[in-house]
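Student: Hi! I've got a model open and would like to talk through a few spots in it. Could you help me out?

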Amino acid sequence: MDTQATEPLSDTEFDFLAFLDGRVRAWGIFEDRFGTLKRRFSVDLEGQWEGDALSVVEVLRYEDGEIEHRNWRLERSGRGTFRGTSPDVVGMARGFAAERRARMNYKLKLKVGEGRHIVVDLDDRFYAIAGGRVLNRARVSKWGIHIGDVAIVFERSAAPGTERYAA
């Protein structure tokens, strides 16, 4: 199996937390496991350091008008590694950043209806690309069964240090 997000790699170049510091805008889709497009959305993120932790407010706006809020608290946990919490994350999200990529694994309590939730596993992979952008691909599963995939492009202008991530 693949390297898990809790295993750091050497020569960290992509500072994922620094990328999230400030305002970031994103656009994405969710496809089910058969490749059928199920949802389109945009995301506004606002990151701000509070001592040693990065507080990130995430607002997702779905094409159907639904709005979802997520409040992350991310902190460095070692060389090239980080961890995070959010009220709808079960336990702790764990991640690493190395070279021009980052990865984060966590369990998310996902709303599936009025007052109903399921817990899914997310394997988020982030890739620094040209122009201060980051491409995110996430695999969503439940009990090891692939449910679907998320693809998101994050963008910020004048991101600190992003000029070194140009393709």
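Student: Let's begin with charges. Which side chain does Arg83 meet in a salt bridge?
Tutor: Happy to help, and bear in mind that this is a predicted model. The side chain of Arg83 meets that of Glu75 in a salt bridge, at 3.0 Å from N to O.

Student: Are those two buried or partly exposed?
Tutor: Arg83 has a relative accessible area of 29%, so it counts as partly exposed. Glu75 is at 22%, which also makes it partly exposed, since buried means under 20%.

Student: How many salt bridges are there in the whole structure?
Tutor: The search finds 17. One of them joins Arg39 and Glu66, with the closest N and O atoms 2.7 Å apart. That pair links distant parts of the chain: Arg39 sits in strand E2, whereas Glu66 lies in the loop between E3 and strand E4, 27 residues apart.

Student: And what about Glu99, which residue does its side chain meet in a salt bridge?
Tutor: That would be Arg101, at 4.0 Å from N to O. There is also a network in which salt bridges with shared partners join Glu58, Glu68, Arg70 and Asp88.

Student: Back to Glu99. Where does it lie?
Tutor: Glu99 is in the loop between strand E6 (89-98) and strand E7 (101-113). Its phi is positive, about 50°, although Glu99 is not a glycine. As background, most residues other than glycine have a negative phi.

Student: Which loop holds Trp143, then, and what is its phi?
Tutor: Trp143 lies between strand E9 (133-142) and strand E10 (145-155). Its phi is positive too, near 55°.

Student: Is Trp143 buried or exposed?
Tutor: Trp143 counts as exposed because its relative accessibility is 75%, and the cut-off for exposed is over 50%.

Student: Changing topic to strands: how many bridges join E1 to E2?
Tutor: Ten bridges join E1 (residues 22-32) to E2 (residues 37-50), and the two strands run antiparallel. Their hairpin has four residues between the strands, and Gly35 there takes a positive phi near 85°.

Student: What does E2 do with E3?
Tutor: E2 and E3 (residues 53-62) also run antiparallel, joined by ten bridges. Two residues separate them in a hairpin, where Gly51 in the turn has a positive phi of about 70°.

Student: Which residues sit across from Gly47 in E1 and E3?
Tutor: In E1, Gly22 stands opposite Gly47, and in E3 the bridge partner of Gly47 is Val56.

Terms used
Residues numbered from 1 in each chain as written. Predicted model: local features only at pLDDT ≥ 70, side-chain atom pairs only at ≥ 80, totals over all residues. Heavy atoms only, no water. Buried < 20%, exposed > 50% of the residue type's maximum accessible area, 1.4 Å probe, protein only. Pairing = 2+ DSSP bridges.
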